[in-house]
Protein chains: 2
Amino acid sequence: MATISDVAARAGVSTATVSRALNGKSSVDPALVERVVQAARELGYQPNGLARNLRRQETAVIALIISDVENPFFTALARGVEDVAQAVGYSVVLCNADENGEKERRYIDVAVQERVAGVLLSPTSTGTDVRALTERGTPVVAVDRPLPQAATDSVLVDTRAAAREAIVHLAEQGYTRIGCLTGPSGIPTADERLAGYRDGLRSARLRRDPSLVRRAEFRAAGARAAMTELLAGEGGERPDALLIANNAMAIGALVAISEAGLRPGTDIGVVSFDDAPWAPLIDRPLTVVAQPAYEMGTVAAQLLLARVNDSSRAPTRTTLSARLIPRASSNPTA
Amino acid sequence: MATISDVAARAGVSTATVSRALNGKSSVDPALVERVVQAARELGYQPNGLARNLRRQETAVIALIISDVENPFFTALARGVEDVAQAVGYSVVLCNADENGEKERRYIDVAVQERVAGVLLSPTSTGTDVRALTERGTPVVAVDRPLPQAATDSVLVDTRAAAREAIVHLAEQGYTRIGCLTGPSGIPTADERLAGYRDGLRSARLRRDPSLVRRAEFRAAGARAAMTELLAGEGGERPDALLIANNAMAIGALVAISEAGLRPGTDIGVVSFDDAPWAPLIDRPLTVVAQPAYEMGTVAAQLLLARVNDSSRAPTRTTLSARLIPRASSNPTA
DNA sequence: ACGTCGTGAGTAAACGATTACCCGGGCAGG
DNA sequence: CCTGCCCGGGTAATCGTTTACTCACGACGT
């Protein structure tokens, strides 16, 4: 594979000149530039990014560590990140931590070792340790979930208020025994949504009934099982409406509802977090709390890139808001 | 940031010994190993992956270039790739080419420059140029779509046979004016599915009517417009059933169908490529051709890694088959 | 006319690891 | 007892760039 010295030899100049000509940093005689470019083309020269990065002590790569590649919320977010990064010549490495603290730690190590320019992280838990990064001056932006100990930028959604709003909406529609299906304890978004659920009950002057709350993994399977339990009325009377904390869980829950021979809306009110293109198509069209996933990605990427260029900025906290999209699954009279 | 010489100084040995102790390559006095490990820990030493890669002339990174991050088919595939790569210590860089030849070319350049160990590619068109990679000996595996000129491994689905099967299924259900909504001309999967559609019509002894075929981008928006046209009966009588070439298009088409006040199954038969967790939940539950996306990812990753270790293997072509999952959207009597 | 300054290009150091090569000492075999 | 081999560990070359430093040359100001 051709190296810079091959090009230099062919063009009859020094490697320094080749480097300068190709990078256009310092002014080089146009005639020489022409010779160099010509020689590079003839040899099919492609600079060795490894050597360049080693010398420059920087890479044009940002790592995006998320907890589930198959979750449309995160893919939309990834797309936002990618679009911003791509536009300024950065590449995005997508790492799938899978809600697994161990995998997450490994990816953080890799990010340190590969000296990425910055890390976008959706922490699996509040205990996630990013000191390995911050101590080395690698900028970190927390996205979707906060990172309490570290003084990092973060881009969040006011998920608690959104959950509250969803409950108020359900109450206004006439549902009274409203349950909640949320994620594992310790995952901030799961806990916040549960807190918002309680806020909502309080606002609507409905009684809290612990038997109407279930936790499961942010996956379809667990949600389905939990939903089946709830519908069987284990531990009390069954709910007449539900707030579900994410997209994948909604699918599991809807399967359980359909297996129980019930229909969303008329038989049981359903509101789920995360809009999806198919949400209007299901039977009944699903009421959702739409999070601005793509926008979160763009904002987070911009923050990260800004910090790469100026590490002295004070940490900021951006909170975007979610939007309730009422459809038939929360309408008992449709 | 601590370097290997800092560790060497602290442990009172040479950098060579540190390297050997930490990598366990050659035998080192256990007492020294202990001293080195201790020193490394105290300094919080993390090896500089850039320097290591430069010296070793290799990276433990594979690039996965796909055409749409938001397409669940590709995310499932990515997951398969990731699981395999991760298990043997490789990282996966996910690049979103967005069905855009230009972006794709840029990512291929980046892959060359960063000297990735290998590339998994779902080419945007048959014209995709991977010479930059093959000439440098970087292994390439084509996935989902073939790469005609290059002698690369490929992992494909027998999508033509699957399309044919879907049409035969629709014909058996009694539909007679079966249309097809496929992707842009030149994208192999789009063309293959169309060919399979024609095969199916022939098998079922149905007449081909060009006015029942539409092409659009592999996105919801284009499919919705095309479907609206078809339902308006532009250029002939409208279809009584449809084969749709991917998941995102199915969503667009279903929206158009619902806007026209029709219901899948009874009013118009629908079969779409790609299963999705929500497919059983929509009204009517969607009949699909399920592709083994995750498995394709694992197989492709294994092939790529095998070739990284032994570049002399002959190129192979793995063809997996898809499976028709009949649901109510292709049942006129349900 | 002379010193100074700017400009363009070359020389070589540097980035931080891995590893080829070499050296010294201990041990076994003749 | 001597020779040669093996083994552990140090020295320094190496990977391919970028860039600090240096130098030569021409122009310009006094």
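These are some notes on a predicted model with two protein chains and two DNA strands.

1. DNA strand C, the overall picture. This strand has 26 residues around it, and the closest are A:Thr17, A:Ser27, B:Ile4, B:Ser19 and B:Arg55. You'll see that both chains show up in that short list. By residue type, the surface near strand C splits into ten nonpolar, nine polar and seven charged. Looking from the DNA side, 62% of the strand C atoms within 4 Å of the protein belong to sugar or phosphate, and the rest to bases.

2. DNA strand C, phosphate contacts. Three pairs are worth pulling up on screen. A:Ser27 puts a polar side-chain atom 2.3 Å from a phosphate oxygen of strand C. A:Asp29 comes in through its backbone instead, with a polar backbone atom 3.0 Å from a phosphate oxygen of the strand. From chain B, a backbone N or O atom of B:Asn48 also sits 3.0 Å from a strand C phosphate oxygen. As for secondary structure, the elements giving two or more residues to this surface are α2 (15-23) and α4 (49-56) of chain A, along with α2 (15-23) and α4 (49-56) of chain B.

3. DNA strand D. Here 26 residues surround the strand, with A:Ile4, A:Ser19, A:Arg55, B:Thr17 and B:Ser27 coming nearest. The protein surface is made of ten nonpolar, nine polar and seven charged residues. Sugar or phosphate accounts for 62% of the strand D atoms within 4 Å of the protein, with bases making up the rest. Helices α2 and α4 of chain A, and α2 and α4 of chain B, each supply at least two residues of this surface.

4. DNA strand D, phosphate contacts. Which side chains reach phosphate oxygens of DNA strand D? Among them is B:Ser27, with a polar side-chain atom 2.4 Å from a phosphate oxygen. From chain A, the side chain of A:Ser19 has an N or O atom 2.6 Å from one, and a polar side-chain atom of A:Tyr45 lies 3.1 Å from one.

5. The interface between the protein chains. Chain A puts 48 residues in contact with 48 residues of chain B. Together the two chains bury about 4600 Å², and 53% of that is on carbon and sulfur atoms. If you want residues to look at on the chain A side, try A:Leu50, A:Arg79 and A:Leu281: they supply 16% of the area chain A buries against chain B, more than any other three residues.

6. Cysteines. A search of the whole structure turns up zero disulfides over all chains. Take B:Cys95: the closest cysteine sulfur is in A:Cys95, 12 Å away, so the two are too far apart for a bond. B:Cys95 is buried, at 6% relative accessible area. A:Cys180 counts as buried too, at 1% relative accessibility.

7. Cis peptides. In chain A, a cis peptide bond joins A:Asp283 and A:Arg284, with omega about -10°. Chain B has a cis bond between B:Asp283 and B:Arg284, with omega about -5°. Where do the arginines sit? A:Arg284 is in the loop between β9 (269-273) and β10 (287-290) of chain A, and B:Arg284 is in the loop between β9 (269-273) and β10 (287-290) of chain B.

8. Positive phi values. A:Glu99 isn't a glycine, yet its phi is positive at about 55°. It belongs to the loop between β2 (91-96) and α6 (101-113) of chain A, and A:Glu99 is partly exposed, with 27% relative accessible area. A:Asp144 is another non-glycine with a positive phi, near 75°. That residue is in the loop between β4 (140-143) and β5 (153-157) of chain A. Is A:Asp144 buried or exposed? It is buried, with a relative accessible area of 7%.

9. A:Thr182. This residue is in strand β6 (residues 178-182) of chain A and counts as buried, at 0% relative accessibility. Leaving out residues up to four places away in sequence, A:Thr182 touches several others, including A:Arg193, A:Leu194, A:Arg214 and A:Met249. A:Ala190 is also one of its contacts, and the A:Thr182 side chain reaches the backbone oxygen of A:Ala190 at 2.9 Å. The C-alpha atoms of A:Thr182 and A:Asn246 are 7.8 Å apart, although the two residues are separated by 64 residues along the chain.

Methods
Residues numbered from 1 in each chain as written. Chains lettered and ligands numbered in written order. Predicted model: local features only at pLDDT ≥ 70, side-chain atom pairs only at ≥ 80, totals over all residues. Heavy atoms only, no water. Near = heavy atom within 4 Å. Polar contact = N/O pair within 3.5 Å; in protein donor to acceptor, adjacent residues only side chain to side chain. Helix = DSSP H or I, 4+ residues; strand = E, 2+ residues; numbered from the N terminus. Nonpolar A, V, L, I, M, F, W, Y, C, P; charged D, E, K, R; others polar. Disulfide = S-S within 2.5 Å. Buried < 20%, exposed > 50% of the residue type's maximum accessible area, 1.4 Å probe, protein only. Contact = heavy atoms within 4.5 Å. Buried area = accessible area lost by both parts, 1.4 Å probe.
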